[in-house]
Amino acid sequence: MTADIPSAGMHTTNVSIPVARLNHAVLYVRDATKAAEFYGRVFGFVVVESAFGGRAVFMRAANGENHHDLGLFSVGPDAPRPARGSVGLYHLAWEVPTIDDLAEASRLLSAERALGGASDHGVSKSLYGVDPDGNEFEIMWRVPREAWGDFENKGAVMPLDLDAELKRWGAAGAARA
């Protein structure tokens, strides 16, 4: 059985939930306090609240406007890692404001041994990482919409040349499409 999925730009008549953006994510982790240390160190998230003796931690991005951007719930030290390719959450995508921020994220993730890959999606430039519990995440920079070109209505996964992208879009190059 196959189902047709509407292409970008196509409208469905029964859409009723006007989602604006992701407000927050909540993850099960082995130890919420240890996971919070990772997300604080790598992402600069700050703890808003630690509850239930540290078994639940709520964190906010440094410049975030949400009550919390990330919730972490302890499930115990013997919890299995997520099975790759199984049903469930694949990854979260955190957007950074500039390509320079993405380059800094690459450096930080490499130093943490948490960088797993990088891709050029045409409309975005992305890094992929994993937290100590095996939860995957993406850190992405969105290309200005006027530069999407042929990628506007199709997906792409290409190798990311971060140095070239920095020259084109970074503060030093300041080139724009």
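What follows is a walk through the aromatic pairs of this structure and two of its polar residues. The model is predicted.

Start with the rings. Rings of Phe, Tyr and Trp count as a pair if their centres lie within 6.5 Å. By this rule there are eleven aromatic pairs. One of them joins F58 and F73. Their centres are 5.7 Å apart, and the planes stand at 90°. That makes the pair edge-to-face, because planes over 60 degrees apart fall in that class. F58 sits in strand β3, which covers residues 56-60. F73 sits in strand β4, residues 70-74. The two rings are 15 residues apart in sequence, so the pair ties those parts together. The two partners fall into separate accessibility classes. F58 has 15% relative accessibility and counts as buried, because buried means under 20%. F73, at 29%, counts as partly exposed.

Now turn to the tryptophans. W141 and W169 also form an aromatic pair. Here the centres lie 5.6 Å apart and the planes meet at 55°, which gives a tilted arrangement. W141 belongs to strand β8, residues 136-142. W169 belongs to helix α3, residues 162-169. This pair therefore ties together a strand and a helix across 28 residues of sequence. Both W141 and W169 are buried.

Aromatic pairs also build a cluster. Ring pairs link F38, Y39, F43, F45, W94 and F137.

Go back to F58 and look at a histidine in contact with it. H68 touches F58, and H68 lies in the loop between β3 and β4. At 14% relative accessibility, H68 counts as buried. The side chain of H68 makes a polar contact of 2.9 Å with the side chain of H67. Beyond its neighbours within four places in sequence, H68 is in contact with N23, H24, F58, M59 and R60. F58 thus appears twice: it pairs with F73, and it is in contact with H68.

Strand β8 holds the last stop. R142 is found in this strand. What is its accessibility class? R142 counts as partly exposed, at 46% relative accessibility. Exposed means over 50%, so R142 falls short of that class. Its side chain joins that of E95 through a polar contact of 2.9 Å. Leaving out residues up to four places away in sequence, R142 touches E95, V123, S124 and W148. S126 gives one further distance. R142 and S126 are 16 residues apart in sequence, and their C-alpha atoms are 8.7 Å apart in space.

Note on methods:
Residues numbered from 1 in each chain as written. Predicted model: local features only at pLDDT ≥ 70, side-chain atom pairs only at ≥ 80, totals over all residues. Heavy atoms only, no water. Phe/Tyr/Trp six-rings, centres within 6.5 Å; stacked < 30°, edge-to-face > 60°. Helix = DSSP H or I, 4+ residues; strand = E, 2+ residues; numbered from the N terminus. Buried < 20%, exposed > 50% of the residue type's maximum accessible area, 1.4 Å probe, protein only. Polar contact = N/O pair within 3.5 Å; in protein donor to acceptor, adjacent residues only side chain to side chain. Contact = heavy atoms within 4.5 Å.
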